[in-house]
Amino acid sequence: MLEVMEMENIALADGTEIRIRPIEPGDVAALMEFHEGLSFGTVYRRFFGIHPHLGIHEAEHFCEVDNVDRLALVAMADDSLVGVARMERVEPATTAEVAFVLADRFQHRGLGRVLALRLAAAASERGITELVADILPDNLPMLRLLPDAGFAVTVSLVGGIVRQACPIPIQAGTAFAAQ
């Protein structure tokens, strides 16, 4: 039976306590507030364009997941949303597209790596064997995220966008979650 990830408490290398849990429908306001606090550059790199505000319907869509084909994890510091990692199953059905966004003050602190590993573990439990990420060519931190997390990445260029594809190791459900 498919397990829904439960809340997990972690500490970043600098000692900051983070709570990781699945996104919930009640996170709409927190997600909108999180988006408002992101820098222009962070929003641009996540949405591939100018997207200054997250509308209510868009936020509701992002918070409505089925935890099978669409899954999102949130990272919370204190009571504030500071990161989101999401996957959505695409064709073929063993592949999921992933996306990550972190509050600017939480970038380059290891949180993206933790979220990538937790998301890969959850994807593996759902029969996903490959992750793909579309990334703007100048988004160097995201271009390094999956390789730095230990994934073997194949890179291609699709319409000026970098596509990283990486297989999820068979033991991802246990080994990745433990890291």
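**Sheet.** I looked up the strand order in this predicted model. The eight strands form an open sheet, ordered β1-β2-β3-β4-β5-β6-β8-β7, and the pairing is mixed. I then asked which strands stand at the edges. They are β1 (8-11) and β7 (154-158); each has a single partner strand, so one side of each lacks a neighbour in the sheet. From one strand to the next, I noted an average twist of 25°.

**Edge pair.** I reminded myself that strands of a sheet pair through backbone hydrogen bonds, either parallel or antiparallel. Which of the two applies to β7 and β8? I found that β7 and β8 (residues 161-167) run antiparallel and are joined by five bridges. I picked out one residue, Val155, and found that its bridge partner in β8 is Gln164.

**Helices on the sheet.** I checked helix α2 (residues 40-47), which packs on the sheet and touches β4 (80-90) and β5 (95-102). The direction of α2 makes about 175° with that of β5. Next I checked helix α5 (residues 140-148), which also packs on the sheet, where it touches β5, β6 (130-135) and β8. For α5 and β8, I noted an angle of about 10° between their directions.

**Core.** I asked how many residues the largest nonpolar core has, and found 56. The members that touch the most others are Ile18, Leu31, Leu111 and Leu131. Helix α4 (residues 111-125) gives this core its largest share, nine residues.

**Ile18.** I listed what Ile18 touches, leaving out residues up to four places away in sequence. Its contacts include Ile10, Leu12, Val82, Phe106 and Leu111. Glu8 and Asn9 are also among them.

Technical notes. Residues numbered from 1 in each chain as written. Predicted model: local features only at pLDDT ≥ 70, side-chain atom pairs only at ≥ 80, totals over all residues. Heavy atoms only, no water. Core = buried A, V, L, I, M, F, W, Y, C linked by side-chain atoms within 4.5 Å. Buried < 20%, exposed > 50% of the residue type's maximum accessible area, 1.4 Å probe, protein only. Helix = DSSP H or I, 4+ residues; strand = E, 2+ residues; numbered from the N terminus. Contact = heavy atoms within 4.5 Å. Pairing = 2+ DSSP bridges. Axes fitted to C-alpha atoms, helices over the stretch in contact; angles between N-to-C directions.
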